[in-house]
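Hi there,

Here is the structure I promised to send over. Have a look first, and my notes follow underneath.

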Amino acid sequence: MRPSAVAMGKHFGNLGKMYGEHRFALAPNEQKAYKGFFDQAFVRTFKTYVWDQWYYYIPQTIGAYLLYDWAKKTNVAANRKNPADFANDE
Amino acid sequence: MKINNSLLNFVNGMLVTLPSSKTLTLSWNFGSMLGMVLIFQILTGTFLAFYYTPDSLMAFSTVQYIMYEVNFGWVFRIFHFNGASLFFIFLYLHIFKGLFFMSYRLKKVWMSGLTIYLLVMMEAFMGYVLVWAQMSFWAAVVITSLLSVIPIWGPTIVTWIWSGFGVTGATLKFFFVLHFLLPWAILVIVLGHLIFLHSTGSTSSLYCHGDYDKVCFSPEYLGKDAYNIVIWLLFIVLSLIYPFNLGDAEMFIEADPMMSPVHIVPEWYFLFAYAILRAIPNKVLGVIALLMSIVTFYFFALVNNYTSCLTKLNKFLVFMFIISSTILSWLGQCTVEDPFTILSPLFSFIYFGLAYLMLFIFMSSKLLFK
């Protein structure tokens, strides 16, 4: 039984109904401290935030970067002479 | 256990036995991190105030004195300076998280949060001025002059804030007092913000029908705030290695009323608003747009809609909003040249368009499920 229900003022007989919840436990000698670490810290995080949601932000970010790059180049070009105008100078 | 004390019961119900969703991720740590940074800034700022003198002829010198002569003065200044940036980093993360999860459904939390945001912006601006460097001085001139657009009382208000007929030492004293007092007011509002939040609990991505399918706030989420220490270690390392990377080179030159910098830019956290201000040629309309870039979000709290959320569409729009804000911030530090003069109004329009689109969808989605 979870202590949170009791701590929240519930009493026996009125602790509510829960459906579809599964519980499991491991004996101390069965535990591995780093079990699933790399999966949860890296693989699953990558899947959750990149692999399954890339279309929310990656195309837009690429578009923003291309715009940024274009703007910088255009600004540089606007601040210098056009080399073509002086191609015949010698 | 039963506690026979109404105050303790009040606190207990908010921090210990508050029913919380099981799905709160590290994104919910941003708020507690901000609370920590606020306390940190107040402490470092108080110690810096021991040695600082808000006199126009001495302010810049006392900053250098703190850096070079006061024992560990440089550490406090660097931490205070970068702490402001750290605060705004988490403030923006916190705001975006609020937009992603449509936290504006918690109206009082949202309203108090936006108020805190405005006050913190004022606080950061006044702190920026206190250094009394070139960029400080001229930023003060530009920003305080914006108040002159207020009808009838504008010029009087500007003169009052200047305590004279220009930005002078009297202005510095004015800003120093406010810069020191305002955080305590912010602290009170933050406390209110926290009470409003913990009265209802956080919004989350998982819908729960009742409290019995939730966990207690303590020890699950109270303990989770300890993860913030990772960010603190990162902050300390980066502050000591790159102390002034987020600053401007003009901050090392004493204020000179006779000569303005070639290029005036505010701190990175104000750049999007600065870009919006500059994008509009008219001064009055520019100031109005500047204000509306924040005030727009107050309107979200006026909509009565708690359960009808188009989460995927909202997520898409929030990502677009973040990207357009980022581009606006970049444009804010660009010079007023081709093609930036075209992109600024374009992205200002996109910024407001996305904000009002989110508001419209939030208002309308209730009707879809009627």
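A question to start with: does Leu238(B) count as buried, partly exposed or exposed? The model is a predicted one, and in it Leu238(B) has a relative accessibility of 42%. Buried would need under 20% and exposed over 50%, so Leu238(B) counts as partly exposed.

Leu238(B) sits in helix 10 of chain B, and it is one of the residues of a nonpolar surface patch. Phe72(B), Trp74(B), Leu234(B), Ile236(B), Val237(B), Leu240(B), Ile241(B) and Tyr242(B) also belong to that patch, which has about 870 Å² of accessible area together. Helix 10 (residues 228–241) provides the largest share, 6 residues.

Now to helix 4 of chain B, residues 73–100. With 28 residues at 1.5 Å each, the helix should span 40 Å, and the 40 Å between its end C-alpha atoms agrees with that. Of those 28 residues, 21 are buried, so helix 4 is largely enclosed by the rest of the structure. Just after this helix, Met102(B) has a positive phi of about 50°.

You may also like the cavities. Searching the whole structure gives 2 of 30 Å³ or more, and the largest holds about 740 Å³ of space. It is lined by 34 residues, and Gln41(B), Leu48(B), His80(B), Gly127(B) and His179(B) are the closest to its centre. Helices 2, 3, 4, 5 and 8 of chain B each give two or more residues to this lining, with helix 4 giving the most, 8 residues.

Best wishes

Key:
Residues numbered from 1 in each chain as written. Chains lettered and ligands numbered in written order. Predicted model: local features only at pLDDT ≥ 70, side-chain atom pairs only at ≥ 80, totals over all residues. Heavy atoms only, no water. Helix = DSSP H or I, 4+ residues; strand = E, 2+ residues; numbered from the N terminus. Expected span 1.5 Å × (residues − 1). Buried < 20%, exposed > 50% of the residue type's maximum accessible area, 1.4 Å probe, protein only. Patch = residues over 30% accessible without salt bridge, like charges linked within 9 Å, V, L, I, M, F, W, Y side chains within 5 Å. Areas by Shrake-Rupley, 256 points an atom, 1.4 Å probe, with all protein chains shown as cover. Salt bridge = Lys/Arg side-chain N within 4 Å of Asp/Glu carboxyl O. 1 Å grid on protein atoms, 1.4 Å probe; cavity = no way out; pocket = protein on both sides within 12 Å on 5 of 7 lines; lining within 4 Å. Points joined across faces, edges and corners; volume = space filled by probe spheres on them.
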